[in-house]
Amino acid sequence: MKDVRLRDVTVRFGNVHALRAANLSLTGGVVSAIAGPNGAGKSTLLQVLLGLVRADHGTLEIDGVTVRMNEALRRDVGYLPEAVAFANNLTGRQVMRFFAFARGVSRNHADRVLERVGLRDAAKRSVRGYSRGMRQRLGLGVAVLSDPRLLILDEPTGGLDQEGLTVLWSVLAEYKQRGHVVLLSTHDLSLVEPRVDRVAIFRKGTGIAEGTPAELRDHVGLPIRVDLSLTDEPSRADAFVAAVEQAIPQLVASRRNGCFSVSIKPSDVLDLTRLIGGNSAVTQLRFVEPGLDQVYEQLLKEPAHA
Amino acid sequence: MPRVWLALAWHELSERARDRWVLLISFVFAGLASAVTMYSRSADGGAAQLTGPSLVTLASLLIPLIALVLGHDAIVGERERNTLGLLFSLPIGRTGVVVAKYTGRLLALTFSITLGFGLAALAASEQHRGVLSQLWWPSLLLGSAFLSLGMLISSISMRQVTAVSTVIFAWFVLVFFYDLGLLALLVGADGRVSSLTIERLVAANPAGLFRVEMMSRFTAKSTLVDLGIREQSLSRMAPLIWGLWIVMPVACSGIFLWGKKSV
């Protein structure tokens with residue numbers, strides 16, 4: 001399983017279009033994320049991929065072959081549902097061992113996974129007493145238990161503390177390194193941004209943008225902030241600021257205590273660096289790119305993109 | 001598939017063994033069955049002869065209730081707890097999940113019935129142990145039919161509270177009011193309803209079929225004849241009717257889930 005594609009997927013529930021001709025491409029060794037506001041169709045898309053929801057229209061292709069998600073394929077799929085829950089009267093270890101038995105995994109391996117997700121000490125406690133973050137960790141353990149080649153995580157960061165997030169990041173890094181297909185849905189793009197390679201933004205059941213974080217930034221063209229530390233000599237500093245303001249029209253700038261901050265369009269970055277080059281008025285330079293969450297907000301304001 | 005199926009059935013059994021409601025009703029059943037046999041043991045001949053019918057009445061009341069309680073949350077309960085998606089993500093089909101759940105819960109029901117009659121047998125005389133052993137298998141059939149009905153109700157209900165109300169309603173209708181309705185029909189029709197119709201109506205209800213089958217073993221044959229029921233005809237139909245009652249609701253449950261767009 002190296003290449004997974006959903007093509008033109010439409011799902012209707014009564015009069016509500018959960019998905020409208022949605023497309024998604026996933027590749028082995030690439031961590032992909034889908035993001036979108038509530039009701040964008042993220043969870044439905046994941047459930048179509050798992051075969052939990054039947055599409056009215058559209059196809060699922062795995063390695064170039066059109067397939068229907070069935071029992072045999074699900075052997076290679078790990079799934080963490082949103083707000084995962086378990087039978088309350090079981091302990092963490094019992095939950096893990098049940099899924100281990102169902103998936104043909106040894107008890108020892110199940111115990112190791114439980115340890116990996118940081119639940120060894122809570123293994124004998126009833127799931128009823130688990131916090132949301134602990135249930136999320138247990139769910140993550142269940143999802144990776146059989147070392148699936150397709151890992152689907154629905155809002156995996158929900159309720160996780162820093163330790164839990166560290167476990168999640170290590171799982172994502174490991175699956176990426178091993179060439180497995182990973183897809184996660186999220187509301188919090190700023191949190192997952194450093195860990196994902198590709199992002200698809202959904203709105204009202206349709207993908208409105210898709211690409212690497214850098215591609216999405218370029219596509220949206222949000223201003224980049226450049227923080228410049230200027231020399232103590234006022235005359236040289238003033239001359240530099242004047243030169244910048246003249247060279248780059250419609251510049252948004254602020255100056256305070258020897259620090260000059262400008263917000264410029266990505267296309268003006270080159271002009272600015274030319275001005276800085278060799279200019280001793282600038283002692284320090286820092287580029288601050290817009291966060292993926294800002295890109296996401298901007299994309300949601302715009303009409304649909306290709 | 002068999003491994004997932006087995007895991008799921010075992011999971012169901014172990015979860016049900018921890019379910020306080022199932023345990024409570026099972027122990028109530030065991031306690032009442034033991035009380036009946038203990039009373040019969042100490043009573044004189046006349047009262048002792050009522051052991052069979054008393055146990056039949058007890059079983060026909062409580063076993064459907066235990067079975068319906070066991071079945072009512074099989075699907076809708078998982079859906080409300082948000083655990084259904086995780087189960088259906090296992091390498092097993094929707095129908096397979098239903099069958100595995102039914103099997104696990106049927107094992108729990110078997111345990112419950114065996115516990116009830118087993119404890120009663122400890123308190124019973126040698127003669128009454130025979131009565132209890134004759135009751136075990138038909139009681140299991142009765143329970144299987146109601147468990148199957150409970151599974152169907154659970155599959156088609158959107159909320160657990162709806163499933164609870166529906167199983168209680170089904171219990172009242174099939175266990176209490178159905179027979180009363182038939183009685184009213186017999187009296188009201190004043191002989192205009194044929195015995196064949198009566199037989200078919202009795203057999204259409206698993207609780208009625210169970211009572212008639214068991215009463216034919218433990219009471220005078222004339223009782224059934226007075227009600228217009230021919231025991232021979234009923235015993236020929238019984239396996240088919242039990243089979244339909246046990247298989248059809250579970251099958252419908254599986255078909256219903258299989259046909260659903262979303263689980």
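Four aromatic residues of chain B, namely B:Trp171, B:Phe172, B:Phe176 and B:Phe177, come together as one aromatic cluster in this predicted model. Across all chains, the tally of aromatic pairs stands at seven. One pair is made by B:Trp171 and B:Phe172, whose ring centres sit 5.3 Å apart with 65 degrees between their planes; since planes over 60 degrees apart count as edge-to-face, that is the label this pair gets. B:Trp171 also pairs with B:Phe176, again edge-to-face, with 5.3 Å from centre to centre and the planes at 85 degrees.

How much of this cluster is covered up? B:Trp171 has a relative accessibility of 13%, so it counts as buried, the cut-off being under 20%. B:Phe172, by contrast, is partly exposed, at 34% relative accessible area. B:Phe176 is partly exposed as well, with a value of 33%. So B:Trp171, which pairs with B:Phe172 and with B:Phe176, is buried, while those two phenylalanines are partly exposed.

Elsewhere in chain B, B:Arg105 is worth a look. This arginine belongs to helix α7, which runs over residues 94-123 of chain B. Its relative accessible area is just 1%, so B:Arg105 is buried. Setting aside neighbours within four places in sequence, the residues in contact with B:Arg105 include two acidic ones, B:Glu12 and B:Asp73, as well as another arginine, B:Arg16. The rest of that contact list is made up of B:Leu70, B:Gly71, B:Ala74, B:Leu147 and B:Met151.

Turning to chain A, its fold mixes eleven helices with 14 strands. The C-alpha atoms of chain A take up a box of roughly 75 × 45 × 35 Å along the principal axes. Chain A has 306 residues, and 49% of them count as buried. When contacts between residues at least 6 apart in sequence are considered, 70% of those in chain A link residues at least 24 apart. The accessible surface of chain A adds up to about 14,100 Å², with carbon and sulfur atoms contributing 47%. As for charge, chain A carries 39 positive and 34 negative charges, and the mean positions of the two sets lie 8 Å apart.

On confidence, chain B has a mean pLDDT of 87, with 92% of its residues at 70 or more. For the complex, the predictor reports an ipTM of 0.82 alongside a pTM of 0.85. The usual caveat applies: predicted coordinates should not be read in detail where pLDDT is low.

Conventions:
Residues numbered from 1 in each chain as written. Chains lettered and ligands numbered in written order. Predicted model: local features only at pLDDT ≥ 70, side-chain atom pairs only at ≥ 80, totals over all residues. Heavy atoms only, no water. Helix = DSSP H or I, 4+ residues; strand = E, 2+ residues; numbered from the N terminus. Buried < 20%, exposed > 50% of the residue type's maximum accessible area, 1.4 Å probe, protein only. Contact = heavy atoms within 4.5 Å. Areas by Shrake-Rupley, 256 points an atom, 1.4 Å probe, with all protein chains shown as cover. Lys, Arg positive; Asp, Glu negative; His and termini not counted. Charge placed at Lys NZ, Arg CZ, Asp CG, Glu CD. pLDDT = per-residue confidence, 0-100. Phe/Tyr/Trp six-rings, centres within 6.5 Å; stacked < 30°, edge-to-face > 60°.
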